[in-house]
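This report walks through one structure for a reader who has the sequence and the coordinates at hand. It begins with strand pairing and then turns to single residues and the ligand.

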Amino acid sequence: MLALQGDRREHAAALAAAGAHPVMVRVPADLHPVEALVLPGGESTTISLLLDSSGLAPVLAERLAAGLPVLGTCAGMILLARDVVDGRPDQRSFGVIDMTVRRNGFGRQVDSFEAPVAVDGLDGGPVTAVFIRAPRVEAVGPGVEVLARWEGRPVLCRQGAAMAASFHPELSGDARLHRLFLDQVAS
Ligand code: GLN
């Protein structure tokens with residue numbers, strides 16, 4: 001659990017509910033024992049600055065390039081994208097998923113909303129997806145699986161061991177998406 005900024009407590013609770021043992025990652029040494037990582041929502045520009053000041057950025061880049069399983073939500077999705085539109089020019093994205101995302105792409109007039117979203121491979125009906133100034137996926141490359149869409153747009157994408165959601169799965173009291181991620185880590 002990257003714990004520099006954002007809604008880490010809710011993610012940690014969902015991970016624990018899904019059977020994992022979350023630890024908070026704040027400095028490079030914290031990352032070494034970690035077998036999978038969640039990049040939470042928050043503010044991608046701030047998280048990017050904190051990744052640099054904490055020294056985590058290069059270590060994280062290396063682990064991600066080596067295939068560390070990762071779930072990025074909202075700001076975390078932005079950090080995983082290959083290209084970011086409407087970001088700060090100096091903000092980091094690790095390019096683990098071949099997709100272009102537009103920061104705050106769902107528009108300010110609908111800053112925040114909930115929607116039922118059906119997820120491929122998830123039993124028990126749609127998840128309640130909470131979108132908060134969410135990134136919008138503008139394009140995905142051929143290697144990217146789209147696991148969920150909302151209004152025709154991809155909102156949950158996977159490439160290899162990396163998964164990214166436009167929304168906040170940790171805010172709906174439903175740990176199924178975290179379980180899906182962890183199942184993929186275990187397999
Ligand atoms: N708009 C935020 C960003 O650019 C993301 C919002 C969120 O994580 N809830 O990072």
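Strand 3 and strand 4, the latter made of residues 97–102, run parallel and are joined by four bridges. The model is a predicted one, and the pairing described here is read from its atoms. Within this pair, Asp83 has Thr100 of strand 4 as its bridge partner. The two strands belong to an open sheet of three strands, whose order is 3-4-7 and whose pairing is mixed. Strand 3 (81–85) and strand 7 (136–140) are at the edges of this sheet, and because each has a single partner strand, one side of each is left without a neighbour in the sheet. Neighbouring strands here are turned against each other by 30° on average, with direction ignored.

A further open sheet holds five strands in the order 1-2-10-9-8, again with mixed pairing. Its edge strands are strand 1 (37–39) and strand 8 (145–150), each of which pairs on one side only. From one strand to the next, the twist in this sheet averages 15°. In general, the strands of a sheet pair through backbone hydrogen bonds, in either a parallel or an antiparallel sense.

Strand 2 can be followed through this sheet in some detail. Strand 2 pairs with strand 1 in the parallel sense over three bridges, and four bridges join strand 2 to strand 10 (residues 162–165), these two strands also running parallel. On the strand 1 side, Leu39 has Gly72 of strand 2 as its bridge partner. On the strand 10 side, Val70 is partnered by Ala162, and Thr73 is partnered by Ala165. Strand 2 is covered on both faces, since Val70 and Gly72 on one side and Leu71 and Thr73 on the other are all buried.

What lies before and after this strand? Ala66 is in the loop between helix 4 (56–65) and strand 2 (70–73), while Cys74 is in the loop between strand 2 and helix 5 (75–80). Ala66 has a relative accessible area of 70%, which is over the 50% cut-off, and therefore counts as exposed. Cys74 has a relative accessible area of 4%, which is under the 20% cut-off, and therefore counts as buried. The C-alpha atom of Ala66 is separated by 25 Å from that of Ala18, a residue 48 positions apart from Ala66 along the chain.

Cys74 also has a backbone angle worth noting, with phi near 55°, a positive value in a residue other than glycine. Asp86, which lies in the loop between strand 3 and strand 4, likewise has a positive phi, of about 65°, although Asp86 is not a glycine. Most residues other than glycine have a negative phi.

The loop between strand 10 and helix 6 (176–186) contains Ser166. Ser166 is buried, with a relative accessible area of 0%, and the side chain of Ser166 reaches the backbone oxygen of Pro135 at 3.1 Å.

Which residues are around the ligand? They are Gly41, Gly42, Glu43, Ser44, Cys74, Ala75, Ile78, Arg103, Asn104, Ile132, Arg133 and His168. Cys74, already described for its positive phi, is thus one of the residues of this shell. By class, the shell divides into four nonpolar, five polar and three charged residues. Three contacts with nitrogen atoms of the ligand are set out below.

| Residue | Protein atom | Ligand atom | Distance |
|---|---|---|---|
| Ile132 | polar backbone atom | nitrogen | 3.0 Å |
| Arg133 | backbone N or O atom | nitrogen | 3.0 Å |
| His168 | polar side-chain atom | nitrogen | 2.8 Å |

Taken alone, the ligand exposes 300 Å², and the protein buries 97% of that area. In these contacts, Ile132 contributes a backbone atom and Arg133 likewise a backbone N or O atom, whereas His168 contributes an atom of its side chain.

Notes
Residues numbered from 1 in each chain as written. Predicted model: local features only at pLDDT ≥ 70, side-chain atom pairs only at ≥ 80, totals over all residues. Heavy atoms only, no water. Buried < 20%, exposed > 50% of the residue type's maximum accessible area, 1.4 Å probe, protein only. Near = heavy atom within 4 Å. Polar contact = N/O pair within 3.5 Å; in protein donor to acceptor, adjacent residues only side chain to side chain. Areas by Shrake-Rupley, 256 points an atom, 1.4 Å probe, with all protein chains shown as cover. Nonpolar A, V, L, I, M, F, W, Y, C, P; charged D, E, K, R; others polar. Pairing = 2+ DSSP bridges. Axes fitted to C-alpha atoms, helices over the stretch in contact; angles between N-to-C directions.
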